[in-house]
Amino acid sequence: MNRAAICLTAGILAMAGAARAQDARLFRGTVSDSQCAMNVHSLTRSHQEMLKSKSMGGTSNTCSVYCITYLGGYLVLASGKDVFRLDRADLVHGFEGQKVKIRGVLDAKINQIHVLKIELDTAE
């Protein structure tokens, strides 16, 4: 590749990244597993039944980790009636069962948030 083509490619990639960052918005909700959040084994879209039975741990965190590790679930953000798949397990892992704020970009076609930043939501 010649130098002009490399510079052009780098410029296009930089503009695409900047455009994606501009589409970022704030999402609030609870990090969960798809099993509980989508009523696979829950009637309340939560961990309540599993916590009562103690079959999958004693906390929302341990329930989520169990379902993801052993039952094929994946990380989601449950926000009211909406459930969004989360794409960055490396950033999200450790927040299971907790209320969070996520700065990310929604891919509406697949209902997935590309996570740019995550932090605990301390607002009531």
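What follows is a short chat about the fold, core and loops of this predicted model.

Me: Start with the basics. How many helices and strands does the chain have?

Reply: The predicted chain has 5 helices and 5 strands. From the N terminus, the order of elements is α-β-α-α-α-β-β-α-β-β.

Me: And how do the strands go together, in what order?

Reply: The 5 strands close into a barrel, in the order 1-2-3-5-4, with mixed pairing. On average, neighbouring strands of this sheet are turned by 55° against each other, with direction ignored.

Me: Mixed, ok. Which strands run parallel?

Reply: Strand 3 and strand 5 run parallel, joined by 2 bridges. In that pairing R85 has Q112 in strand 5 as its bridge partner. Q112 also stands opposite D107.

Me: What about strand 4 and strand 5, parallel or antiparallel?

Reply: Antiparallel: strand 4 covers residues 99-107, strand 5 covers residues 112-120, and they pair over 8 bridges. Along that pairing, I102 stands opposite I118, and G104 has V115 as its bridge partner.

Me: How many residues are between those two strands?

Reply: There are 4 residues between them, and the two strands form a hairpin. N111 sits in that loop between strand 4 and strand 5.

Me: What is the phi of N111?

Reply: N111 has a positive phi of about 55°, although it is not a glycine. For background, most residues other than glycine have a negative phi.

Me: How accessible is N111?

Reply: N111 has a relative accessible area of 32%, so it counts as partly exposed. The partly exposed class runs from 20% to 50%.

Me: What does strand 4 do on its other side, towards strand 1?

Reply: Strand 1 and strand 4 run antiparallel, with 6 bridges joining them. One of the pairs is G29 with V100 in strand 4.

Me: Switching to the core. Which residues in the largest nonpolar core touch the most other members?

Reply: That core has 13 residues, and the ones touching the most other members are V31, L86, I102, I113 and I118. Strands 1, 2, 3, 4 and 5 each supply at least two residues of this core.

Me: Which strand gives the most?

Reply: Strand 5, with 3 residues.

Me: What is I118 in contact with, sequence neighbours aside?

Reply: Leaving out neighbours within four places in sequence, I118 is in contact with V31, L91, V92, F95, V100, K101 and I102. V31 and I102 are also among the core residues that touch the most other members.

Me: Now the helices. Where does helix 4 lie?

Reply: Helix 4, residues 60-70, lies across strand 1 (25-33) and strand 2 (75-79). Its direction is at about 80° to strand 1.

Me: Which residues of helix 4 are buried?

Reply: C63, S64 and C67 are buried in helix 4. Viewed down the helix axis, the buried residues fall within an arc of 95°, so they line one face of helix 4. In general, an α-helix has 3.6 residues a turn, so residues three or four places apart point the same way.

Me: What comes just after helix 4?

Reply: G72, which takes a positive phi of about 80°.

Me: And G97, where is that?

Reply: G97 is in the loop between helix 5 (89-92) and strand 4. Its relative accessibility is 29%, so G97 counts as partly exposed.

Me: What does G97 contact beyond its neighbours in sequence?

Reply: With neighbours within four places left aside, G97 is in contact with T30, V31, S60, N61 and S64. S64 is one of the buried residues of helix 4.

Me: How far apart are G97 and T30?

Reply: In sequence they are 67 residues apart, while their C-alpha atoms are 6.2 Å apart in space.

Me: For the whole chain, what share of contacts join residues at least 24 apart?

Reply: 57%, counted among contacts between residues at least 6 apart in sequence.

Me: Last thing, surface. What share is buried, and how much area does the chain expose?

Reply: Of the 124 residues, 31% count as buried. The chain exposes about 7800 Å², and carbon and sulfur atoms supply 56% of that area.

Note on methods. Residues numbered from 1 in each chain as written. Predicted model: local features only at pLDDT ≥ 70, side-chain atom pairs only at ≥ 80, totals over all residues. Heavy atoms only, no water. Buried < 20%, exposed > 50% of the residue type's maximum accessible area, 1.4 Å probe, protein only. Contact = heavy atoms within 4.5 Å. Areas by Shrake-Rupley, 256 points an atom, 1.4 Å probe, with all protein chains shown as cover. Pairing = 2+ DSSP bridges. Axes fitted to C-alpha atoms, helices over the stretch in contact; angles between N-to-C directions. Arc of directions from axis to C-beta. Core = buried A, V, L, I, M, F, W, Y, C linked by side-chain atoms within 4.5 Å.
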